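Biologist: Could you give me a close look at one part of this model, the packing inside, and then work outwards to the surface? I would like one connected account, please.

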Amino acid sequence: MSDTAPETTSSGADLMSLLSWSDRALSAELAANLADLGITPRAHRVLAKARPGELTQSQIAEATGLDKTTMVVLTDHLEREGLAERTPSPSDRRVKILVLTDKGRRLVRRSQEIVDRTHRDVLGSLSPELRAGLVEALTRLTTGRLSTFAPSEQPPRRRPARP
């Protein structure tokens with residue numbers, strides 16, 4: 001796979017490639033910046049979403065774009081690390097609420113500072129007008145037209161299958 005950003009075509013930008021590249025590049029930068037804390041960007045997103053202590057595993061998975069299997073594996077890991085625990089929902093004992101431990105709350109506070117700093121740095125490479133426009137456009141897309149995943153018999157994989 002190339003380490004060179006995608007180019008636009010004469011007919012316009014390849015939106016999928018641009019968004020995919022941006023996601024991969026930002027994820028790699030966040031992973032490097034969070035490495036000293038021993039947390040991945042994905043684990044950070046789950047812990048940050050779980051911080052209020054009122055969402056179920058399924059709600060957190062949906063809010064972070066994770067499939068059920070990935071969410072279960074990640075939640076198992078967070079529990080083993082002493083960062084979170086599953087507790088029965090007070091309204092429905094069949095579902096579990098993901099609750100951060102004190103250790104998890106401390107870690108997510110530290111990791112959020114790193115994430116915020118990384119986001120400021122990345123967005124700081126744009127003019128204030130471009131920065132505001134980009135954030136507004138992406139927010140509109142993800143709360144509007146791209147707010148849900150289209151049903152598909154062969155959904156796209158997040159990463160290539162292992163050999």
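Modeller: Happily; what follows starts with the core, moves to the charged pairs and ends with a surface patch and the confidence.

This is a predicted model, so local features need pLDDT of at least 70 and side-chain atom pairs count only at pLDDT 80 or more, while totals for chains, interfaces and linings use all residues. Residues are numbered from 1 along each chain as its sequence is written, and side-chain values use heavy atoms, leaving out hydrogens and water.

Let us begin inside. A nonpolar core here is a set of buried Ala, Val, Leu, Ile, Met, Phe, Trp, Tyr and Cys residues joined through side-chain atoms within 4.5 Å. Buried means under 20% relative accessible area, exposed means over 50%, and partly exposed lies in between (1.4 Å probe, protein chains only). The largest core has 22 residues, and those touching the most other members are Ile39, Val46, Leu47, Met71, Leu78 and Leu98. At least two core residues come from each of helix 1 (15-34), helix 2 (41-50), helix 3 (57-64), helix 4 (68-80), strand 2 (96-100) and helix 5 (102-123). Helices (H or I, at least four residues) and strands (E, at least two) are DSSP runs, numbered from the N terminus. In soluble globular proteins, nonpolar side chains tend to be buried together.

Leu78 is a good residue to zoom in on. Leaving aside residues up to four places away in sequence, Leu78 touches Ala43, Val46, Leu47, Leu83 and Ala84, where contact means heavy atoms within 4.5 Å. Ser111, in helix 5, counts as buried because its relative accessibility is 0%. With residues up to four places away in sequence again not counted, Ser111 touches Leu34, Leu37, Ile39 and His44.

Now for the charged side chains. The structure holds 5 salt bridges, each a side-chain nitrogen of Lys or Arg within 4 Å of a carboxyl oxygen of Asp or Glu. Side chains of opposite charge can pair when their charged atoms come close. Helix 5 comes up again here: Arg105 and Asp102 meet at 2.4 Å, N to O, and because they are 3 residues apart in that helix, about one helical turn separates them. Arg105 is partly exposed at 31% relative accessibility, as is Asp102 at 49%. In helix 6 (residues 128-143), Arg140 and Glu136 are 4 residues apart, so about one helical turn lies between them; their salt bridge spans 2.8 Å, N to O. Arg140 is exposed at 59%, whereas Glu136 is partly exposed at 41%. Asp92 and Arg94 pair at 2.9 Å, N to O, with Asp92 partly exposed at 22% and Arg94 exposed at 73%. Asp76, Glu79 and Arg86 are linked in a network of salt bridges.

On the surface, Leu15, Leu19, Leu134, Leu138, Leu141 and Leu146 form a nonpolar patch with about 460 Å² of accessible area together. Helix 1 and helix 6 are the elements giving two or more residues to the patch, and helix 6 has the largest share, 3 residues. Leu19 lies in helix 1 and is partly exposed at 35%.

Finally, confidence: pLDDT is the predictor's confidence in each residue, from 0 to 100. The chain has a mean pLDDT of 87, and 87% of its residues reach 70 or more.

Technical notes:
Patches are made of residues with over 30% relative accessible area and no salt bridge: like charges are joined within 9 Å, nonpolar side chains (Val, Leu, Ile, Met, Phe, Trp, Tyr) within 5 Å. Accessible areas come from the Shrake-Rupley method with a 1.4 Å probe; for residues, only the protein chains shown count as cover.
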